[in-house]
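The following exercises concern domain arrangement, backbone geometry and a ligand shell. Please work through each task before reading its solution.

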Amino acid sequence: MTNWKFRTRAIHIGNERDAQTGAVVPPIHVASTYVQPGAGEWGEFDYSRSGNPTRKNLEQTLTSLEGGVGGLAFSSGMAAIHCVTMLLQSGDHIVAGSDIYGGAYRLFHKIATRAGVAVSLAPSHDVAQLEAAIQPNTKFLWLETPGNPLMSITDLAACAELAKRRGILLGVDNTFATPVLTRPLELGVDIVMHSATKYLAGHSDSLGGALIVRDQEILDRLYFIQNATGAVMSAWDAFLTSRGLKTLELRVREQCRTADRLAKFLAADDRVSRVLYPGLASHGGHAIAKRQMRGGFGAMLSFEVKGDYAKAKRVAESTRLFQLAVSLGAVESLIEQPASMSHASYDAQDRAAHGIVDGLIRLSVGLEAAEDLEQDLDQALSA
Ligand SMILES: Cc1ncc(COP(=O)(O)O)c(C=O)c1O
């Protein structure tokens, strides 16, 4: 069973047929509470915040796909990151990559700091700069690769070596890469996080988050926090995410192929001044991405158009298939302007300092026909 390939595990682990009825899809368990064998006696499940069979199925699948000892499913990606920050105490320090989701930036700077936790940003594609940001009280490194929205690539094995050497916990948001392309735990990372809202569920119809770890003691601590604070994934969202996972590999591979084609189309176009996609040989992180990402460079890319900010805004508002919306990773292609949308919660000076310019446009490439998406970008660039 452990030899099963990724896509086989995505379909079968955590999705055992129902013993009572033979149903090939396990039922969705909606009960909030469970009868106990006796007062003070506990079965496997007692209350759905503490554990739910549908959520457990999903956690098993995710644990298998990421190669961990266990996982936890949350009500959103932010709830999952928040749970991790609650491992820290007043006086601790976080070093976070400068190219991270705006909501993670906001959580670290506006919520964790209130609990006495300090935060520094450092460009994580440069391990030396990351190390230089470490202070004696640094307890936690937080990274995204590919980064958001600049698609910077971080060498996870090098960061894991750094974290281990300095006795720091290393967490990676693997939402963009998905375990199809990158398995951070296998590279020495301690905690993998997902916005399950994105590729894992994959259809823009569900909200969730996940943490998967390779150490039982960390899992126990995270579980304690999750149960004590309560941000668990609903049974319905767990079902939708489990269903989405069954096609994760097929979707991601196809989306990567289309993204690669669109990145090359944009890079060759005179109306475009810069394309950020790790699959392009011109990308600074291409060599690391080639080694670290398995058979694809992701389906997210950013670009800048020639001309002023008004021109970039017009392009982002002129696509017909790419829909102007935040979020990513679903079958529908999306377009957005990070500075005013996904990264609006960055302080303007941090955006400027880390190269998140106003004219940047970010694409989430979906499953529509590549030719149609290319034509759509072509007509929008002429708008
Ligand atoms: C890379 C990344 N991480 C985390 C999150 C937060 O996840 P959620 O929206 O499910 O809370 C997002 C959301 O856009 C994201 O893009």
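**Exercise 1. Determine how far apart the C-alpha centres of domain 1 and domain 2 lie, and describe the contact on the side of domain 1.**

Solution. The C-alpha centres of the two domains are 25 Å apart. The bounds are 6-245 for domain 1 and 248-381 for domain 2, as taken from an automatic or database domain assignment. The model is predicted: local features need pLDDT of at least 70, side-chain atom pairs count only at pLDDT 80 or more, and totals for chains, interfaces and linings use all residues. Residues are numbered from 1 along each chain as its sequence is written.

Next, count the contact: domain 1 contributes 35 residues and domain 2 contributes 38 residues, where contact requires C-beta atoms, placed from the backbone, within 7 Å. On the side of domain 1 that touches domain 2, two or more residues come from each of helix 1 (6-12), helix 4 (102-111), helix 7 (178-181) and helix 9 (235-245). Helices (H or I, at least four residues) and strands (E, at least two) are DSSP runs, numbered from the N terminus. Helix 4 gives the most to this side, with 4 residues.

Finally, this side of domain 1 has 18 nonpolar, 12 polar and 5 charged residues. Here Ala, Val, Leu, Ile, Met, Phe, Trp, Tyr, Cys and Pro count as nonpolar, Asp, Glu, Lys and Arg as charged, and the others, Gly among them, as polar.

**Exercise 2. Identify the cis peptide bonds and the positive phi value in the loop between strand 4 and helix 6.**

Solution. Begin with the general expectation: most residues other than glycine have a negative phi, and most peptide bonds are trans. The loop between strand 4 (138-144) and helix 6 (156-166) contains proline 146, and the bond to it from threonine 145 is cis, with omega near -5°. Proline 149 is in this loop as well; the bond from asparagine 148 to proline 149 is cis, with omega near 10°.

Methionine 151, also in the loop between strand 4 and helix 6, has a positive phi of about 60° although it is not a glycine. Is methionine 151 buried or exposed? Methionine 151 is buried, because 29 other C-beta atoms lie within 10 Å (buried: 20 or more; exposed: 12 or fewer; partly exposed: in between; C-beta atoms placed from the backbone).

**Exercise 3. State which residues come nearest to the ligand, and classify its shell.**

Solution. There are 16 residues around the ligand, and Ser76, Gly77, Met78, Tyr101 and Ser195 come nearest; a residue is near if its C-beta atom, placed from the backbone, lies within 6 Å. The shell divides into 5 nonpolar, 9 polar and 2 charged residues.

Terms used
Two residues are in contact if their C-beta atoms, placed from the backbone, lie within 7 Å.
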